Amino acid sequence: MLRKTSALLLAQGEKRQPSRVDFVVQVGQKIVPLEVKSGPKGSMQSLGIFMKEKGAEYGVRTSM
């Protein structure tokens, strides 16, 4: 169950930044990256890279 959380929108940043995700939610001491796609298709490469680099146990991918 998620309780008090805060969300952070990450800017796209420089092109050399391969691990950009759309949102990061903090739940207690853990972070959960969120990737939002415009449709059901799309790569989750950035989400996977971010999770590996930051040691995130979970990630969420959703579409609009």
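What is the mean pLDDT of the chain, and what share of its residues reach 70 or more? In this predicted model, the mean is 76, and 70% of the residues reach 70 or more. Please keep one stretch in mind while browsing the views: over residues 8–13 the pLDDT is below 50, although this stretch has twelve contacts in the model beyond near neighbours in sequence.

**View 1. The whole chain, with one helix and four strands.** Welcome to the overview, a good place to get your bearings. Followed along the sequence, the elements come in the pattern β-β-β-α-β. The chain has 64 residues, and 20% of them count as buried. Its accessible surface comes to about 5200 Å², with 55% of that area belonging to carbon and sulfur atoms. Among the contacts in the chain with a separation of 6 or more, 38% are accounted for by residues 24 or more positions apart.

**View 2. Strands β2 and β3 side by side.** Here strand β2 (residues 23–27) runs antiparallel to β3, and five bridges join the two. Two pairs are handy landmarks: Val-25 stands opposite Val-32 in β3, and Phe-23 has Leu-34 as its bridge partner in β3. Now have a look at the turn of this hairpin, where two residues lie between the strands and Gly-28 takes a positive phi near 65°.

**View 3. Strands β3 and β4 side by side.** Moving on to the pairing of β3 with β4, we find that these strands run parallel and are joined by four bridges. One place to start is Val-36, whose bridge partner in β4 is Thr-62. Glu-35 and Val-60 are another useful pair to pick out: they are 25 residues apart along the chain, while their C-alpha atoms are separated by 6.2 Å.

**View 4. The salt bridge between Glu-57 and Lys-30.** The count for this model comes to two salt bridges. In the one shown here, Glu-57 pairs with Lys-30, and the closest N and O atoms are 2.7 Å apart. Glu-57 lies in the loop between α1 (45–54) and β4 (60–63), whereas Lys-30 lies in strand β3 (residues 30–37), so this pair ties together parts that are 27 residues apart in sequence. Is Lys-30 buried or partly exposed? Lys-30 is partly exposed, because its relative accessible area is 45%, a value between the limits of 20% and 50%. As a general reminder, side chains of opposite charge can pair when their charged atoms come close.

**View 5. The salt bridge between Glu-35 and Lys-37.** In this second close-up, the side chains of Glu-35 and Lys-37 meet in a salt bridge, at 3.3 Å from N to O. A polar contact of 3.3 Å also joins these two side chains. Both residues sit in strand β3: Glu-35 lies there, and Lys-37 is found there too. Why do both count as buried? The relative accessibility is 6% for Glu-35 and 18% for Lys-37, and buried means under 20%, so both residues qualify. It may help to recall that in a regular strand the side chains alternate between the two faces of the sheet.

**View 6. The surroundings of Glu-35.** Which residues does Glu-35 contact once its neighbours within four places in sequence are left aside? They are Arg-20, Val-21, Asp-22, Leu-47, Val-60, Arg-61 and Thr-62. Of these, Val-60 may be familiar from View 3, where its C-alpha atom was 6.2 Å from that of Glu-35. With these neighbours on display, recall that Glu-35 is buried, with a relative accessible area of 6%.

**View 7. The surroundings of Lys-37.** Our last stop is Lys-37, which also has a set of contacts beyond residues up to four places away in sequence. Lys-37 touches Gly-42, Ser-43, Arg-61, Thr-62, Ser-63 and Met-64. Thr-62 appeared in View 3 as well, as the bridge partner of Val-36. Lys-37 counts as buried at 18% relative accessibility, and its side chain is joined to that of Glu-35 by the polar contact of 3.3 Å.

Key. Residues numbered from 1 in each chain as written. Predicted model: local features only at pLDDT ≥ 70, side-chain atom pairs only at ≥ 80, totals over all residues. Heavy atoms only, no water. Salt bridge = Lys/Arg side-chain N within 4 Å of Asp/Glu carboxyl O. Buried < 20%, exposed > 50% of the residue type's maximum accessible area, 1.4 Å probe, protein only. pLDDT = per-residue confidence, 0-100. Contact = heavy atoms within 4.5 Å. Areas by Shrake-Rupley, 256 points an atom, 1.4 Å probe, with all protein chains shown as cover. Polar contact = N/O pair within 3.5 Å; in protein donor to acceptor, adjacent residues only side chain to side chain. Pairing = 2+ DSSP bridges.
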